[in-house]
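Got the viewer open? Here's a short walk through the model, one selection at a time.

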Amino acid sequence: MQCYLMIIVETEGSEEEVMETTGELNPNHYPAQRAANAARHYVNTRYGSPYKVFMLHKVHSGNAEDVANGRKYQLEISFQEMLSNNTYKGSAEVLYPREGPGSPEVKVSCAELEAYHKTQEEEALYQKLKTSVSMLSAQELPDSHGRIEPDMEPLWSLGIVASSFIMLKESTEDTLYNMAQVGSVTQVFTETVELKFDYLVLLHDMVSQEIIRWKLQFGWSPLGGVKVQQMEKIPHRHT
Amino acid sequence: MFLSLTLTLLVLCSGTATSANRVDYDYFKYHRMEEITKWKSDMVAAHKDLVKLVEYGKTYENRTIDLLKIGFKGQNKKIIWMDCGIHAREWIAPAFCQYFVKTLLESSKTDPKVELMLRNMDFYVTPVLNVDGYMFTWTNETNRLWRKNRTPGSCGCFGTDLNRNFYSNWGTKGVSFNCCSNTYPGQGPVSEPEAQALTQFVGNISDNVLAFLTIHSYGQLLLIPYGHPEVIAPNHDQLMEVGLAAAEAIEKVHGMKYKVGTSPTILYPNSGSSRDWARLQGIPYTFTFELRDNGTHGFLLPQEQIQPACEEAYSGAMTIIRHAHQEAFSRAPETAALWGPLLLMAMAQWSLGCSL
């Protein structure tokens with residue numbers, strides 16, 4: 001299955017490295033890996049759900065060039081879906097904007113990913129939470145020991161998908177984001193079709209090694225996917 | 001009389017069974033510092049001929065930094081160094097050091113090659129280097145993702161990144177001088193008691209150290225020196241070769257792929273790392289292990305993954321250790337093994353009238 005992923009990444013003038021950062025890239029080196037990770041965030045925003053979370057499986061090849069409005073990466077990537085372990089191979093283009101802040105522009109074209117249908121499990125989860133009398137809430141997913149209650153796993157996955165909106169927005173050539181933990185999740189009562197959630201997520205940026213906390217409010221439904229309504233970075237705690 | 005003799009024998013046997021070589025410990029759960037401390041002394045008691053506890057420093061909060069020295073008694077032995085838990089939140093690392101010790105001791109009884117290694121070398125294993133930081137991550141859920149030590153900073157935050165504090169191109173790459181930052185390298189090189197302890201101890205023995213393995217998480221990487229993009233280790237090619245062999249061994253265990261390379265190519269440039277310092281001392285085989293996973297759980301690796309993570313890392317570590325051991329102790333036989341076929345080849349070529 002051929003997936004075309006375009007990530008448009010813009011960079012400020014960055015420090016010269018004694019390794020290839022332009023032209024043909026070593027797929028295992030960090031420039032291709034970081035761009036591919038941004039592509040992964042895009043894929044999760046587009047196709048992720050409580051039962052579908054995509055991780056980076058392998059970067060097959062990469063190419064970077066300076067273009068008029070930024071830095072453009074072209075990549076061949078395989079993603080892996082976390083629950084099914086299925087892999088999806090495709091190409092990606094990432095364009096990081098040259099001037100000012102701004103998320104990279106990503107293009108992904110992948111037939112298998114686009115043939116996405118809502119699943120039975122998604123529908124079942126949706127119904128369960130829609131009709132439940134009490135609003136769901138949980139803390140620390142996973143907990144300190146890496147444990148997640150089986151009931152809470154879809155909410156953890158949903159946290160990764162929602163975080164992907166932030167992680168994509170924050171991605172630059174100098175970042176590599178993963179969600180470290182869901183600090184808390186609270187279901188918010190709403191009369192709209194979608195379910196509504198307040199999340200506190202802890203993101204880990206591998207490059208700076210910082211843990212950055214964000215508050216998120218978003219809606220989710222099986223057909224609509226995740227729609228972020230509000231996101232707010234929480235200032236660094238001093239300890 | 002015969003009966004009483006039998007009874008005595010039985011008593012003796014059961015007595016031996018409870019005290020010898022069996023420490024009851026769950027290696028596949030995360031343990032708080034107090035449990036690890038007890039485990040260390042239990043291991044010494046259970047393996048008196050092989051294991052000693054060596055204290056070599058104090059943390060900022062005045063806690064003991066110590067290691068298990070494992071090997072048969074001997075003079076001028078070569079050394080394998082392993083340290084875990086330099087970064088507080090990387091819980092799988094101390095878990096691995098404990099597993100490593102147990103597995104090494106177990107296989108010393110069944111594998112003559114391991115027994116030979118323990119006769120030729122001493123293994124120095126520090127289960128938790130950053131004791132204060134590790135204990136801080138156990139205080140409550142909000143502190144779980146702490147990385148640094150616990151020295152108070154001068155700008156209102158705590159902690160120095162110990163793996164930026166060593167005397168190896170200190171303060172030049174991959175650091176932030178904001179004391180609140182997670183890569184704050186300290187007020188100066190080796191300003192931190194934990195870094196001082198390691199520097200002093202390893203500095204005194206470095207001539208005899210064959211391999212220096214420092215264990216971290218996450219990322220599934222084997223990183224070789226140097227952290228500076230423009231500095232290359234003299235034995236870079238060899239380090240890559242051994243590293244790739246280790247990654248191959250790791251993959252054979254549970255299929256996990258580990259990437260191998262210098263920090264600046266695979267991850268990011270950095271300075272002041274313990275591994276770089278060790279390489280600068282002349283220790284030939286210096287590696288940073290970044291254990292599971294790839295970012296799915298990150299630092300919060302589920303306990304069910306402790307066993308497979310440790311098993312594969314053990315295989316990787318032993319690949320490097322065996323290589324270092326072979327190089328130091330089997331030089332003659334290795335060369336002899338080469339000469340045989342080489343000579344045959346030369347003779348064949350000469351007799352056929354061709355040149356090599």
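Start by showing the surface of chain B: its accessible surface comes to about 15,300 Å² (Shrake-Rupley method, 1.4 Å probe), and carbon and sulfur atoms hold 57% of that. A word on ground rules: this is a predicted model, where local features need pLDDT of at least 70 and side-chain atom pairs count only at pLDDT 80 or more, while totals for chains, interfaces and linings use all residues. Residues are numbered from 1 along each chain as its sequence is written, chains are lettered from A and ligands numbered from 1 in the order in which they are written, and side-chain values use heavy atoms, leaving out hydrogens and water.

Switch to cartoon. Chain B has eleven helices and eight strands (DSSP runs, H or I of at least four residues for helices, E of at least two for strands, numbered from the N terminus). Of its 356 residues, 57% count as buried, meaning under 20% relative accessible area (1.4 Å probe, protein chains only).

Now bring in chain A. The contact (heavy atoms within 4.5 Å) takes 38 residues from chain B and 34 residues from chain A. About 3,200 Å² is buried between the two, as accessible area (1.4 Å probe) lost on being put together and summed over both. On the chain B side, pick Glu141(B), Thr296(B) and Leu300(B): they lose the most area to chain A, together 18% of what that side buries.

Next, select 236–254 and 306–329 in chain B. These are helices H7 and H10, packing at an angle of about 145° with their axes 8 Å apart; axes are lines fitted to C-alpha atoms over the stretch in contact, and angles run from 0 to 180 degrees between N-to-C directions. Show side chains on the touching residues, among them Val242(B), Ala246(B) and Ile250(B) of H7(B) and Ser315(B), Thr319(B) and Ile320(B) of H10(B).

Two loop stops remain. Asp161(B) sits in the loop between H5 (131–137) and H6 (193–205). Is Asp161(B) buried or exposed? It counts as buried, because its relative accessibility is 0%. Leaving out residues up to four places away in sequence, Asp161(B) touches residues including His87(B), Arg147(B) and Tyr184(B). Measure C-alpha to C-alpha to Gly272(B): the two are 9.5 Å apart in space, though 111 residues apart in sequence.

Finally, go to Asn270(B), in the loop between H8 (263–266) and H9 (274–280). Asn270(B) counts as buried too, since its relative accessibility is 5%. With residues up to four places away in sequence not counted, Asn270(B) touches Arg164(B), Lys173(B) and His228(B), among others.

Conventions. Buried means under 20% relative accessible area, exposed over 50%, partly exposed in between (1.4 Å probe, protein chains only).
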